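Me: I have a model open and want to go through it with you. Can you take my questions one at a time?

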Amino acid sequence: MKMISSAKMHKSEAALRRLVPYRSQIEAIISNLLSADVAFSSPLVESRQDVKKVAIVVLGSDDGLCGAYNVNLAKRLVARITELRQQYGDGVGIDIYPVGKKMVKIASRIKDNRLNVVASDDVNTKSEAGAVKGFLNGLETAFLQKEVDQIDCVYMRYQSAGRQTLTVDRLLPIDSSTFSSEDVVSASVRPYIFEPDAETIFRSVLPLFLLSVMQEIFAQNRASEQAARVMAMQSANDNAKKLLEQLQLEFNKLRQQSITTELLDIVGGQVRD
């Protein structure tokens, strides 16, 4: 199990690395657009003052044997719900979009009448790009039609085989400060001639950026799940070895005691003779 999970983790890690150049290029394009002397607007970046409903996408696992992976995500989900109610008031509506069979079960067990769990059979943690895009399109449509005012993602960010970080990112509205950091601008901005106009390009590129973010979140979750499973299998293996050593010691003690008892019986019989 450990070897299989390790192989899957390396595969997911490679897939995650392949996504980085695409997202970096998208961010560079948007940074170049923002550096132009043009006013940009898009419904995807417009923050709403009166937030009445928030959607939370929480990614877990479809399979077990990954330790406390799903439990930690569930705790962060509950903490995020508390934060949102403190920020927007107790009357804010919250829709939970769980991804992964284990997370669907956990989300359905949360006893809160003010929460609405929206489970979908069309997407899971192993979904390919097409299913992820369809899932994102549904969320984007709900935001544009003002069915929800904010969309957050709760997931585990992969950092290394031994370290994963609980992360909460705002998916919509898109935070424009993501593209205005000095590092991104200084490394990517060059003189461009925009054709068609910059506003049209901006509106076309934003959905691509959103898709790249969602694909990266799914990839982060897959890699983190397998890393957690590797650690869980390693821990189980270590515990099994310790248990085997304890049982072996206990067996040797009982065997020694049995031999000692037999010797005492033999010696006692010779003395009586």
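Me: Which residues does E216 touch, not counting those up to four places away in sequence?

Reply: E216 touches L16, L19, R23 and R157, with residues up to four places away in sequence left out. Keep in mind that this is a predicted model.

Me: Where does E216 lie, and is E216 buried or exposed?

Reply: E216 lies in helix 6, which covers residues 198-272. Its relative accessibility is 12%, so E216 counts as buried.

Me: Now the sheet. What is the strand order?

Reply: The order is 3-2-1-4-5, in an open sheet of 5 strands with mixed pairing. Strand 3 (115-117) and strand 5 (163-172) stand at the edges. Each of these has a single partner strand, so one side of each is left without a neighbour in the sheet. From one strand to the next the twist averages 25 degrees.

Me: How do strands 4 and 5 run, and how many bridges join them?

Reply: Strand 4 (residues 150-160) and strand 5 run antiparallel and are joined by 9 bridges. The connection from strand 4 to strand 5 is a hairpin through 2 residues.

Me: Which residue is the bridge partner of Y155, and which one stands opposite M156?

Reply: Y155 has T167 in strand 5 as its bridge partner. M156 stands opposite L166, also a residue of strand 5. As a general point, side chains in a regular strand alternate between the two faces of the sheet.

Me: What does helix 3 lie across?

Reply: Helix 3 (residues 101-108) lies across strand 1 (53-59), strand 2 (93-99) and strand 3. It runs at about 150 degrees to strand 2.

Me: And which strands does helix 4 touch?

Reply: Helix 4 (residues 129-144) packs on the sheet and touches strand 1, strand 2, strand 4 and strand 5. The direction of helix 4 makes about 45 degrees with that of strand 5.

Me: Aromatics next. How many pairs are there in the whole structure?

Reply: A search of the whole structure gives 2 aromatic pairs. One of them is Y97 with F135, which is edge-to-face at 6.4 Å centre to centre, with 70 degrees between the planes. That pair links distant parts of the chain, since Y97 is in strand 2 and F135 in helix 4, 38 residues apart. Y97 and F135 are both buried.

Me: Why does the pair of F135 and F218 count as edge-to-face?

Reply: The ring centres of F135 and F218 are 6.4 Å apart and the planes are at 75 degrees, so the pair is edge-to-face; the cut-off for that class is over 60. F135 lies in helix 4 and F218 in helix 6, so this pair ties together parts that are 83 residues apart in sequence. Both F135 and F218 are buried. Y97, F135 and F218 form one aromatic cluster.

Me: What sits over the ring of F143?

Reply: The charged end of R48 does, at 4.0 Å from the ring centre of F143.

Me: Switching to cysteines. How many disulfides does the count give?

Reply: The count is 0 disulfides. C66 is in none, and the nearest cysteine sulfur to it, that of C153, is 19 Å away.

Me: Why is there no bond from C153 to C66?

Reply: Because the sulfur of C153 is 19 Å from that of C66, its closest cysteine sulfur, and that is too far for a bond. The cut-off is within 2.5 Å.

Me: Are those two cysteines buried or exposed?

Reply: C66 is buried, with a relative accessible area of 4%. C153 also counts as buried, at 1% relative accessibility.

Me: Last topic, backbone oddities. Which peptide bond is cis?

Reply: The bond from L172 to P173 is cis, with omega near -5 degrees. P173 is in the loop between strand 5 and helix 5 (182-188).

Me: What is phi of L65, and where does L65 lie?

Reply: L65 is not a glycine, yet its phi is positive, at about 60 degrees. It lies in the loop between strand 1 and helix 2 (69-88). L65 is exposed, with a relative accessible area of 55%.

Me: And what about phi of K146?

Reply: Phi of K146 is near 65 degrees, again a positive value in a residue other than glycine. K146 lies in the loop between helix 4 and strand 4. With a relative accessible area of 62%, K146 is exposed.

Definitions and conventions. Residues numbered from 1 in each chain as written. Predicted model: local features only at pLDDT ≥ 70, side-chain atom pairs only at ≥ 80, totals over all residues. Heavy atoms only, no water. Buried < 20%, exposed > 50% of the residue type's maximum accessible area, 1.4 Å probe, protein only. Helix = DSSP H or I, 4+ residues; strand = E, 2+ residues; numbered from the N terminus. Contact = heavy atoms within 4.5 Å. Pairing = 2+ DSSP bridges. Axes fitted to C-alpha atoms, helices over the stretch in contact; angles between N-to-C directions. Phe/Tyr/Trp six-rings, centres within 6.5 Å; stacked < 30°, edge-to-face > 60°. Lys NZ or Arg CZ within 6 Å of the ring centre and 35° of its normal.
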